[in-house]
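I opened the notebook to look up cysteine pairing first and nonpolar packing second. The entries follow in that order.

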Amino acid sequence: MNLVIEMVYVCENCGYLFSRANAQDQCPDCGGHMVRSANAVEQGEFVSQVAELIRDKQQQEPRFPNMVETEISMLNSFAFKLPATALQIDSGMMVDVLVEYGENSADRNELIANVWARLVGGRTLYFLMPVRLPVREDEPRRDQVNRIFAALNENGTFKVKLYDFVAALLQGASGGADRM
């Protein structure tokens with residue numbers, strides 16, 4: 001995850017968040033030269049924006065990039081919303097869960113997924129846990145997603161960590177805190 005986070009940049013001129021494989025000194029949006037590495041909050045916002053794009057992908061017409069300056073990246077992630085009531089918590093709160101997944105670079109026989117959560121509409125992501133599964137040769141992405149999702153449904157630790165996350169948000173709200 002650190003390699004990905006080091007590649008997120010923000011333009012001080014227009015506020016545009018973007019990701020590139022190498023160091024950048026020019027904003028692809030406004031052309032300004034006031035670009036810096038994104039801080040932790042901005043990185044979380046970038047991940048949230050990517051999650052929204054993935055969710056909305058099926059609802060939008062395809063957009064075609066400028067092929068001269070395009071860098072192609074494959075994002076293996078999925079997101080879903082979960083009401084607090086699914087955790088037996090009496091609240092109208094909704095939580096976004098974002099899962100990034102891929103082959104473990106340290107062990108090519110392992111599929112690893114990092115699970116993140118945030119309050120729907122919130123800006124700060126909270127790392128819940130990793131999930132590790134054996135790699136299945138030539139497994140389609142949809143099957144990988146289904147397998148990871150099933151593993152989360154059966155994982156008691158995931159449920160406890162998600163419950164603790166929601167409980168902490170509710171406790172913070174009742175204590176006057178506006179974010180975790």
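How many disulfides does a search of the whole structure find? I ran the search on this predicted model and got zero.

I then looked up why C14 and C27 do not count as a pair. The sulfur of C14 has its closest cysteine sulfur in C27, at 3.7 Å, which is too far for a bond. The cut-off I applied is 2.5 Å between the sulfur atoms. Starting from C27 I reached C14 as the closest, again at 3.7 Å and too far for a bond.

I also checked the accessibility of both cysteines. C14 has 36% relative accessibility, so I entered it as partly exposed. C27 has 3%, so I entered it as buried.

Next entry: nonpolar cores. I found 28 residues in the largest one, and the members that touch the most others are V99, V115, I148, F158 and L162. I listed the elements that give two or more residues to this core: strand 4 (77–83), strand 5 (94–104), strand 6 (107–119), strand 7 (126–134), helix 3 (141–154) and helix 4 (156–174). Helix 4 supplies the largest share of this core, with five residues.

I picked I148 for a contact list. Leaving out residues up to four places away in sequence, I148 touches F78, V99, Y101, L111, A113 and L133. Apart from the largest core, I noted another core of six residues, including V8, V10, L17 and F46.

Conventions: Residues are numbered from 1 along each chain as its sequence is written. This is a predicted model: local features need pLDDT of at least 70, side-chain atom pairs count only at pLDDT 80 or more; totals for chains, interfaces and linings use all residues. Side-chain values use heavy atoms; hydrogens and water are left out. Buried means under 20% relative accessible area, exposed over 50%, partly exposed in between (1.4 Å probe, protein chains only). A nonpolar core is a set of buried Ala, Val, Leu, Ile, Met, Phe, Trp, Tyr and Cys residues joined through side-chain atoms within 4.5 Å. Helices (H or I, at least four residues) and strands (E, at least two) are DSSP runs, numbered from the N terminus. Contact means heavy atoms within 4.5 Å.
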